[in-house]
Amino acid sequence: MIGVWADGDSLKTAISGDELDIFRQAAATLPTLYERRTAAEQVEIQTLERPDIMESLQGIFIPAVLIVAMFMGCTFNAMNIISEKEDGVAFVNEILPQTSGQYILQKVVVGFLFGSLSSVVTACICFRLSLQNFGIMLALIVLSSFVAALIGLFIGKFSEGLMIGVVYIKIVMLLFLAVPIVCALIGVSGLLAVICNIVPSQPAFEGIMALSNGNMGTAMKDTGILAIHCIAWFALYVLL
């Protein structure tokens with residue numbers, strides 16, 4: 001608070017002394033402002049627009065939200081397999097009359113569909129895309145969700161208990177989000193950018209950002225990288 005009292009045709013101010021600098025400056029300026037109040041009509045006031053700090057980061061946040069939606073399939077598959085291990089259902093699965101391919105298909109489909117559906121809904125809310133761009137976006141979503149579902153199978157396979165599985169899921173999700181966001185913020189290029197593409201979320205993130213900027217060439221390239229990820233992760237799981 002700034003104390004103010006009349007002093008003839010002027011005024012005086014009083015402060016306690018422990019205020020911030022901005023309030024001390026205001027108290028020192030008030031008497032002069034009061035004396036020159038009659039000249040206020042000659043002052044031209046211009047209101048400057050305040051820049052939106054979040055606007056420049058919007059292109060990063062929206063793809064990150066989509067990455068989280070795609071990751072849902074990974075979490076579902078991993079927790080499904082871990083719960084079967086803890087309940088003893090995994091032993092029953094070993095003697096069921098089904099091939100390895102049927103088992104993989106059975107485990108992948110539900111998590112894949114769940115991740116794809118949540119990602120499509122998120123994309124429809126966050127983006128306004130043309131029909132052609134939406135086709136590329138759908139390809140990115142489908143491929144990313146399939147890779148996430150496969151990684152969920154790996155987590156479920158190598159997790160011996162619920163707590164270990166949760167730790168693995170947290171680590172994978174951290175990598176899925178941290179790698180593309182850090183690459184986008186620092187502008188990774190060259191060999192390091194190629195290495196970052198080992199993480200499946202990096203081409204998905206880059207492709208989504210390219211689509212939002214109208215760069216179809218980069219989006220198509222990232223779609224191809226995700227297709228390679230799908231083949232590689234699927235072949236590795238079948239071999240194991």
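**Notebook: cores, helix 4, cysteines, rings**

I started with the largest nonpolar core, which has 35 residues; the members touching the most others are Leu-66, Phe-127, Met-137, Ile-151, Ile-155, Phe-176 and Ile-208. Two or more residues come from each of helix 2 (58–87), helix 5 (131–158), helix 6 (162–186), helix 8 (201–212) and helix 9 (216–239). Note to self: this is a predicted model.

I then picked Ile-151 out of that core and listed its contacts. Skipping neighbours within four places in sequence, I get Cys-74, Val-172, Phe-176, Pro-200 and Trp-233. Apart from the largest core there is another one, of nine residues, including Val-108, Leu-153, Phe-154 and Tyr-237.

**Helix 4**

Next I checked the length of helix 4. It runs over residues 100–126, and its 27 residues at 1.5 Å each should span 39 Å. The end C-alpha atoms sit 38 Å apart, so the expected and modelled spans agree. I also looked for bends and found a kink of about 25° in helix 4, centred on Val-108.

Which residues of helix 4 are buried? My list reads Ile-104, Lys-107, Val-108, Gly-111, Phe-112, Gly-115, Ser-116, Ser-119, Thr-122 and Ala-123. I kept the helical repeat in mind while reading that list: with 3.6 residues a turn, residues three or four places apart point the same way.

Ser-119 caught my eye, so I looked up its exposure: the relative accessible area is 0%, which makes Ser-119 buried. What is Ser-119 in contact with, leaving aside neighbours within four places in sequence? I find Leu-66, Ala-69, Met-70, Ile-141 and Ser-145.

**Cysteines**

I searched the whole structure for disulfides and came back with zero. Why does Cys-230 have no bond to another cysteine? The closest cysteine sulfur belongs to Cys-74 and is 14 Å from the sulfur of Cys-230, which is too far because a disulfide needs the sulfur atoms within 2.5 Å.

Buried or exposed: which is Cys-230? I have it as buried, since its relative accessible area is 8% and the cut-off is under 20%. Cys-124 is another case: at 43% relative accessible area, I noted Cys-124 as partly exposed.

**Aromatic rings**

I count six aromatic pairs in the structure. For Phe-112 and Phe-146 the ring centres are 6.0 Å apart and the planes stand at 85°, so I logged the pair as edge-to-face. This pair links distant parts of the chain, with Phe-112 in helix 4 and Phe-146 in helix 5, 34 residues apart. On exposure, Phe-112 counts as buried at 18% relative accessibility, while Phe-146 is partly exposed at 23%.

Phe-146 also pairs with Phe-234, and here I wrote down tilted: 6.4 Å centre to centre and 35° between the planes. That pair again joins distant parts of the chain, from Phe-146 in helix 5 to Phe-234 in helix 9, 88 residues apart. Phe-234 is partly exposed, with a relative accessible area of 37%.

Last entry: I looked for aromatic clusters and noted one formed by Phe-154, Phe-158, Trp-233 and Tyr-237. Two of these names were already in my notes, as Phe-154 and Tyr-237 are among the members of the nine-residue core. Trp-233 had come up too, as a contact of Ile-151.

Notes. Residues are numbered from 1 along each chain as its sequence is written. This is a predicted model: local features need pLDDT of at least 70, side-chain atom pairs count only at pLDDT 80 or more; totals for chains, interfaces and linings use all residues. Side-chain values use heavy atoms; hydrogens and water are left out. A nonpolar core is a set of buried Ala, Val, Leu, Ile, Met, Phe, Trp, Tyr and Cys residues joined through side-chain atoms within 4.5 Å. Buried means under 20% relative accessible area, exposed over 50%, partly exposed in between (1.4 Å probe, protein chains only). Helices (H or I, at least four residues) and strands (E, at least two) are DSSP runs, numbered from the N terminus. Contact means heavy atoms within 4.5 Å. The expected span of a helix is 1.5 Å times one less than its number of residues. The bend at a residue is the angle between axes fitted to the seven residues ending there and the seven starting there. Rings of Phe, Tyr and Trp (its six-membered ring) pair if their centres lie within 6.5 Å; planes under 30 degrees apart count as stacked, over 60 as edge-to-face and the rest as tilted.
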